[in-house]
Structures are given as structure tokens and as C-alpha cells.
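Welcome! Please have a look at the sequence and the 3D view below, and then try the exercises at your own pace.

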Amino acid sequence: MKYISDLQSIISINSYTKNPSGVNSVSQIMTQWLTPLGFTDNCYQRETIGNHHLYTTPKSLGAKILLLGHNDTVFPPQSFEGFSQDDEWVYGAGVCDMKGGNIVALEALRNIHKAFGHIENIDFLLVSDEETGSGDSKSLTASIAKDYDYCFVFEAAGNDLEVVTARKGIGTFNITIEGKASHAGVRYSEGINANLEGAYKLIEITKLTNLELGTTVNVGKIEGGIGANTISPKCELLLELRYTSSSEKERLLSSLNKIVETSFVEGITSILSGEIQRDVMEHTALQDEFITKIEEIIGEKLLTEKRGGVSDANLVASAGTPTLDGFGPFGDGDHTIKERALKSSFESRITLMTKILTHHQTNKKL
């Protein structure tokens with residue numbers, strides 16, 4: 001299990017998204033491991049975040065596969081660092097989200113290279129800002145996605161080693177409300193209360209939630225006002241929306257615009273800003289065909305699940321490329337100081353990916 005020591009070497013490096021030197025150090029190690037397998041490193045250099053890397057192999061006729069991961073993690077330096085293990089588990093920032101998944105992909109590629117002496121038609125994209133929403137890398141990921149016939153994403157597996165067929169879309173928006181300040185005791189009627197408008201808008205926005213459809217809308221932060229004796233001249237609402245279908249996205253965006261354009265308090269003006277960070281990853285017929293092919297290759301049923309959280313799988317799936325996520329190890333406690341990954345799940349996942357990629361290299365298709 002040499003890969004456990006490899007995992008330790010990259011877990012021991014802090015790669016918080018806003019620590020570009022740490023992220024780049026992890027990237028350098030991944031490059032050192034992938035280059036002997038015949039991969040060419042295409043580096044997309046950045047200044048304020050770590051570099052993105054697309055590792056490519058020679059191309060020939062046949063299906064093109066993209067493996068997708070990220071090198072960044074969520075904990076700043078000196079907050080949750082180091083690596084440990086016991087008989088069953090490994091512990092540390094990124095062991096399941098998702099340096100552990102990157103190691104699964106790497107080890108499967110090592111097995112393929114050992115068996116065939118070379119690798120063709122498989123590329124590996126590792127970005128550096130997934131944990132903060134892929135604000136910089138998402139255009140890169142979306143632009144290359146169409147070049148591939150299939151995509152495997154190495155976020156953590158489900159409890160029973162399920163792979164992920166669907167993820168919610170997510171958007172973050174800010175509403176800035178402008179009113180007019182006045183003395184609350186002396187000139188109350190001269191004021192235009194932005195906080196009151198914000199309260200009306202919060203209620204209307206919350207009504208957009210539809211739990212039966214998996215749609216949630218949350219105003220997570222409100223700021224406004226000057227003091228108890230002043231009519232509030234300004235209020236801001238920060239909100240997140242998550243949805244499970246394109247039709248729900250359209251409903252939410254249309255309704256949100258109407259709420260912003262409506263003034264519940266006379267004299268108010270409101271401005272909406274923000275964007276959809278990652279569009280929905282919907283279960284599709286092409287994906288069902290993808291799953292069927294994998295099941296034929298491995299000779300057993302592939303367990304699947306849908307998740308509310310998002311990943312870069314959303315970006316590739318939105319580009320129309322058949323995509324499955326959750327090919328990393330099983331773990332829990334991700335984004336907490338108790339993050340861990342199950343050792344036995346590494347073996348299962350490496351074996352699974354080795355079977356799939358062996359079939360691909362032999363037959364030039366899935």
C-alpha cells in the first residue's frame with residue numbers, strides 16, 4: 001500500500017485555496033508522479049491562487065476520457081494539518097476531499113501504465129480553487145469538457161461506495177436595498193426604511209423554497225441600518241439558491257428578479273448582483289448508458305446516489321459530457337477537523353478504476 005505513503009506526502013502539505021504556494025507544492029508532486037506515466041503537463045499559471053494543470057496523453061482513435069480532481073483544501077495554515085492513521089482509517093485535511101480521490105486516480109493510472117507500457121486518450125485535470133466555487137477554473141473546465149466522451153470525478157464515494165449521478169445547481173446572490181435615513185423619533189415619516197424592505201423581501205424569497213422538488217433558498221446574511229434612532233438607509237441580503245432541475249433554475253431566477261424589482265416600501269430602490277456558480281448536474285439517458293457500460297465491464301451493479309452538494313462534476317455535465325462523480329474513497333468529516341477516509345475503500349476504488357481503464361485501453365472505448 002505504497003499509495004498511503006504517497007497520500008501522506010501530499011496531505012502533509014497545507015493546500016488551502018488561498019495558500020497558492022502550498023497548492024503549487026502539491027501540484028509539483030502530482031506532476032512528478034504523472035510525468036513518468038507519459039503525461040504532458042499543461043500548466044495554467046495563476047498569481048493569487050494555485051496553478052491549474054491539465055495532464056494529457058497521446059491521442060488515437062477511440063473514446064476520450066477526462067479524470068477530474070482538485071488540489072485545494074479548506075483549512076488555512078496551522079488550523080488543521082498533519083496526517084495520521086490507524087488500522088482502518090486515515091486522517092487529515094483532504095484524505096477524502098479530495099486528495100484521497102486524486103491518489104485513487106493516480107494509482108489506477110500506474111496500474112494501466114504497468115500493464116500496457118503506455119497510456120492513450122486519458123487526460124487528468126487538477127484545478128486549484130474548487131473549494132471556493134471554482135471561480136477562476138470553471139471556464140477552463142467547461143471549455144475543455146466538450147473534448148471528451150466521458151468524465152470520471154474523484155470526489156468521495158457514498159456510504160456504500162455509491163457513485164454520484166446528480167448534484168444540485170447552486171447560485172449566490174446579493175440584494176442591495178437603498179432607502180433614506182432620517183431621525184426615527186423626530187422625522188420618522190421622512191425616512192424610507194431599507195431594513196423593512198429587506199424583511200418583506202426575505203419573506204418572499206423564503207417562499208421560493210420547494211422541498212418536494214429539492215429546491216432550497218436561504219437568506220444567510222442580513223446587514224443594514226445605522227442605529228436604533230435612525231431609519232435605515234441601506235440593507236443588504238446575501239442569499240443562496242440550490243435546485244435540482246433546469247426548470248427550477250428558471251423559476252427561481254425569474255421570481256428573484258420580480259422580488260428585487262418590486263418595492264414593498266414606497267421610494268425604495270434595489271439592485272441584484274451575483275451568479276449561478278455551478279449549474280445543475282441532472283441524471284440523463286446518456287448517463288444511464290454510461291453506467292450500463294461500466295456495469296458490463298466490472299461484472300456487477302454500480303450503486304448510485306444523488307447529492308445536494310456541488311462539485312466540478314456540475315461543470316462538465318452541464319457541457320453535455322456524460323459524467324459520474326464519487327470515484328474517490330469513502331470518508332466522512334470532510335470540511336471539519338475530523339476528516340477521515342476508510343482504508344479499505346481505497347483498494348475497492350483503485351480496483352474499480354483499474355478495471356474500467358484497462359477495458360478502455362484494450363478496446364479504445366467503454
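Three exercises with worked solutions follow.

This is a predicted model, in which local features need pLDDT of at least 70, side-chain atom pairs count only at pLDDT 80 or more, and totals for chains, interfaces and linings use all residues. Residues are numbered from 1 along each chain as its sequence is written, and side-chain values use heavy atoms, with hydrogens and water left out.

**Exercise 1.** Describe the largest pocket and its lining.

Step 1: A pocket is an open set of points on a 1 Å grid over the protein atoms alone, where a 1.4 Å probe fits, with protein on both sides within 12 Å along at least five of seven lines; lining residues have an atom within 4 Å of a point.
Step 2: The volume, the space filled by probe spheres set on the points, is about 430 Å³ for the largest pocket.
Step 3: Its lining has 25 residues, and Asp97, Glu131, Val310, Asp334 and His335 lie nearest the centre.
Step 4: Sort these lining residues, and you get 7 nonpolar, 7 polar and 11 charged (Asp, Glu, Lys and Arg count as charged).

**Exercise 2.** Which helix gives the largest share of the lining of the second largest pocket?

Step 1: The second largest pocket holds about 210 Å³ of space.
Step 2: Its lining includes Ser348, Arg349, Thr351, Leu352 and Lys355.
Step 3: Helix α9 (residues 343-363; a DSSP run of H or I, at least four residues) gives the largest share, 5 residues.

**Exercise 3.** Is Glu339 buried or exposed?

Step 1: Glu339 is buried (under 20% relative accessible area).
Step 2: Glu339 has no salt bridge (a side-chain nitrogen of Lys or Arg within 4 Å of a carboxyl oxygen of Asp or Glu).
Step 3: Lys99, the nearest side chain of opposite charge, is 9.1 Å away from Glu339.
Step 4: A polar atom of the Glu339 side chain lies 3.2 Å from the backbone nitrogen of Val95.

Methods: Helix = DSSP H or I, 4+ residues; strand = E, 2+ residues; numbered from the N terminus. Buried < 20%, exposed > 50% of the residue type's maximum accessible area, 1.4 Å probe, protein only. Lys, Arg positive; Asp, Glu negative; His and termini not counted. Polar contact = N/O pair within 3.5 Å; in protein donor to acceptor, adjacent residues only side chain to side chain.
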